[in-house]
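Ready to practise reading a protein model? Work through the exercises below, and try each task before you look at its solution.

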Amino acid sequence: MTLDLSGRVAVVTGASRGIGYFIARELAAAGAHVVAVARTVGGLEELDDQIKADGRGQATLVPLDLADMAGIDRLGGAIHERWGKLDILVANAGVLGVISPIGHVEAKTFEKVMTINVTSTWRLIRSVDPLLRLSDAGRAIILSSNAAHSARAFWAPYAASKAAVETMMRSWAHETETLALRVNAADPGATRTAMRAQAMPGEDPETLPHPSEIARRIVPLASPELKETGLIFQAKHNRFVAYRQPE
């Protein structure tokens, strides 16, 4: 079934490149008005040009560094003033930090990972939660990673940040499970992105799926027909999985 998001408003962070860029395009192609958030003005303008070329949907460009917490607060206020609600949140923006022994990670690097990946995600949720509750079918998609569960050596800051955002997502989903709002995490898996190249410089990117392919799998989580909440969607396997307690 073709996804129809006509008349719906979607926020996508990290929309200037990679998975966020293609999620924004897919949402617009389904008819949504995309509020595209990123630091890079040039990337946002390229996205806007492509959405216009695709011929459906519209974009509002928001150049914003997600370390600017007051700016995130203003974003929610601006959306309320213009549209009076929000239908879709895609919290995609994130940074890797460094792949390093945990004792060698510099404080400023750790703090940046936590600020962008965790604190800004919480601030974004706080800013738009009231707006998503005003939608007849609010949908929140929080981008995560298998690193949150594998806890592999040398990945501590990034893994810890993704474990944190997944925990926030689960708590938020429990808080809203009796509402029309559905909240899920999405694990894109290994994808041909700049972040993946930074983490795995010796890997052949041609062996990985293109971010456009992963975006097409994730965007159906924005459907008004979606029933699932509080789960992880594994894009690699195109399936939802539930959490388990430690054994």
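Two residues are in contact when they have heavy atoms within 4.5 Å. This is a predicted model, in which local features need pLDDT of at least 70 and side-chain atom pairs count only at pLDDT 80 or more, while totals for chains, interfaces and linings use all residues. Residues are numbered from 1 along each chain as its sequence is written, and side-chain values use heavy atoms, with hydrogens and water left out.

**Exercise 1: The whole chain**

Task: Find out how the radius of gyration of the chain agrees with that of a compact globule.

Solution:
- Step 1. The radius of gyration is taken over C-alpha atoms, and the globule rule is 2.2 Å times the number of residues to the power 0.38.
- Step 2. For 247 residues the rule gives a value near 18 Å; the chain has 17 Å, so the two agree.
- Step 3. Look at the contacts too: of those with a separation of 6 or more, 71% join residues 24 or more positions apart.
- Step 4. Now add burial, where buried means under 20% relative accessible area, exposed over 50%, and partly exposed in between (1.4 Å probe, protein chains only). By this rule, 49% of the 247 residues are buried.
- Step 5. To picture the outline, imagine a box of roughly 50 × 40 × 40 Å along the principal axes, filled by the C-alpha atoms.

**Exercise 2: Helix α1**

Task: Check the span of helix α1, then list what its buried residues pack against.

Solution:
- Step 1. Helices (H or I, at least four residues) and strands (E, at least two) are DSSP runs, numbered from the N terminus. The chain has 8 helices and 8 strands.
- Step 2. The expected span of a helix is 1.5 Å times one less than its number of residues.
- Step 3. α1 covers residues 18-29, which is 12 residues, so 16 Å is expected; the end C-alpha atoms are 17 Å apart, which agrees.
- Step 4. Among the buried residues of α1 are Ile19, Phe22, Ile23 and Leu27.
- Step 5. The partners of the buried residues are β1 (9-13), β2 (33-38), α2 (41-54), β4 (88-91) and α8 (211-218).
- Step 6. After the helix comes glycine 31, with a positive phi near 110 degrees.

**Exercise 3: Helix α6 and a neighbour**

Task: Which residues does aspartate 129 touch, not counting residues up to four places away in sequence?

Solution:
- Step 1. Locate aspartate 129 in helix α4 (residues 107-133).
- Step 2. Its relative accessibility is 15%, so aspartate 129 counts as buried.
- Step 3. The residues touched are Trp172, Thr176 and Leu181.
- Step 4. Trp172 is one of the buried residues of α6, a list that also includes Tyr158, Val165 and Met169.
- Step 5. α6 has 20 residues and reaches 29 Å from first to last C-alpha, close to the 28 Å expected.

**Exercise 4: Loops and positive phi**

Task: Is phenylalanine 154 buried or partly exposed, and what is the sign of its phi?

Solution:
- Step 1. Phenylalanine 154 sits in the loop between α5 and α6.
- Step 2. With a relative accessible area of 47%, phenylalanine 154 is partly exposed.
- Step 3. Most residues other than glycine have a negative phi. Phenylalanine 154, however, has a positive phi of about 80 degrees.
- Step 4. Asparagine 238 has a positive phi too, near 55 degrees, and lies in the loop between β7 (232-234) and β8 (239-241).
- Step 5. Arginine 152 is also found in the loop between α5 (147-150) and α6 (156-175); at 42% relative accessibility, arginine 152 counts as partly exposed.
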